[in-house]
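I opened this model to make notes at my desk. My entries follow.

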Amino acid sequence: MKNFITCLIGILTLSNIIIAQEKPNIIVILSDDAGYADFGFQGSEIMKTPHLDKLASEGMKFKQAYVTAAVCGPSRAGLLTGRYQQRFGFEENNVSGYMSESCLADDEMGLPLDQKTIGDYMKSLGYSTGYFGKWHQGSTDKFHPLNRGFDKFVGFRGGARSYWEYNNENPINNLENRLEYGMGNFKEPKQYLTKVLTHEAISFVEENKDNNFFLMLAFNAVHAPMEAEKADLDEFPNLEGKRKYLAAMTLSMDRECGLLFKKLEELGLDENTLIIFTNDNGGPTDSNASVNLPLSGTKANHLEGGIRVPFIIKWPNVIAPNSEYDFPISTLDILPTSFMVSGGVSDSLKNIDGVNLFPYLTGENKNRPHEYLYWKKENRGVIREGDWKLIRFPDRPAELYDLSMDISEKNNLAYEKPEKVADLYKKLFEWELTLVRPLWQLQRIYEGNAMERMDKYWNK
């Protein structure tokens, strides 16, 4: 009875928030391959991110935010559906030319058509929906954003592309990475791509200033190739190589975020727009010189540096400015949170693994949003229970860490606590029994590469 009353109070409180304000516009900004420590609001003294720093000061910063995968395709599938992507077979990246022979054809690899996306959910509430940037959820028309719940799309279907126009001097090697306006209208950018994507996102806001809108701005910055404008490179005379390019690309992305935020203010929409900023996975230090410290690991492995990401929510008059949230959350939570604060009903969120965060963020629910979090890729698996984290490796015994005291994962407690290892190992396997087999898999050599990268960047 006590739990029921507490839950009811939380529901009523959130309902009052929604009634007191109009339904919010929602913007989700997703950076690509950024390092955990490569923002001013994350402590960097090198990167220049004044607009995102301001966003953090005006909203809530999450100290333990996680993605559902350490690489971009499956991570985005989890975010878009609110479900662990392993439940529908999207366990690995879908990259033509890198896949196992026993695999779906390239044009069949994509977000399964029976999965509802955040675009579908928001459209059902009367929202205009726009997606701008990197998609990476399938390259054929049936997987296209316009067929997956989004009204407007400008971006590219693949996983990585040049920031400059493809032409004879800069030839394209994969047609799925052409810049596309709508469906089938391919036109290469005449400006730096980060600017083009933001311009289109701002146009979408202007077009829908009198309507509720849901906007995803999925930058490919700061994913390789390392390309930047000279003026931005000149801002970092003391840096060299990839790190210099990373800093310039980050500066460009931050500046474009600032232009979007300014447009919201000009249109009088800023007070009733919920903004989420996060990243798709840990930074790949070897390929773009990103920094994930004090976390160990990088993109493509399950140490904290591969799966813990920067995360900000701003919603004026609802979220306290300059606040922090300590308990673990997941990008799985973006869909149910967006849907519920926009007037959706929980009965519509069947089989969703994420939770509506706002009862937790407003303090009505003092518990953790997630008792357990899980990760899996082939033989590798992770379970987090409270502050305990068990990592199952393909090439060595499982290891156990207490993240409340050891976020760098330096002190393996597996031999001190064998009972805890056994308990978590079993719980991880029980979760795995609820999943489907992967619909495709990368060539096995890339598993070996991932383990080598993990060991190289383990901050021991």
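**Helix H7**

I checked the length of helix H7, residues 241-266, first. At 1.5 Å a residue, its 26 residues should span 38 Å, taking 1.5 Å times one less than the number of residues. The end C-alpha atoms of H7 are 38 Å apart, so the model agrees with the expected span. I then looked just past the helix. Glycine 268 sits just after H7 and takes a positive phi of about 70 degrees.

**Confidence**

This is a predicted model, so I looked up its pLDDT. The chain averages 95, and 95% of the residues score at least 70. Residues 1-13 have a pLDDT below 50. Beyond near neighbours in sequence, that stretch makes four contacts in the model.

**Domain record**

I looked up the UniProt annotation next. The unreviewed entry places a "Sulfatase N-terminal" domain at residues 24-339. In the model, the end C-alpha atoms of residues 24-339 lie 10 Å apart. Helix makes up 27% of this span and strand 16%.

**Largest pocket**

How much space lies in the largest pocket? I read about 980 Å³. The pocket is lined by 35 residues. Closest to its centre are Asn93, Val95, Tyr98, His223 and Lys299.

I also asked which helix gives the most to the lining of this pocket. Helix H13, residues 445-456, does, with five residues. Last, I sorted the lining by residue class. The lining of the largest pocket holds 15 nonpolar, 12 polar and eight charged residues.

Methods: Residues numbered from 1 in each chain as written. Predicted model: local features only at pLDDT ≥ 70, side-chain atom pairs only at ≥ 80, totals over all residues. Heavy atoms only, no water. 1 Å grid on protein atoms, 1.4 Å probe; cavity = no way out; pocket = protein on both sides within 12 Å on 5 of 7 lines; lining within 4 Å. Points joined across faces, edges and corners; volume = space filled by probe spheres on them. Helix = DSSP H or I, 4+ residues; strand = E, 2+ residues; numbered from the N terminus. Nonpolar A, V, L, I, M, F, W, Y, C, P; charged D, E, K, R; others polar. pLDDT = per-residue confidence, 0-100. Contact = heavy atoms within 4.5 Å. UniProt positions renumbered as here; feature names shortened; annotations may be inferred.
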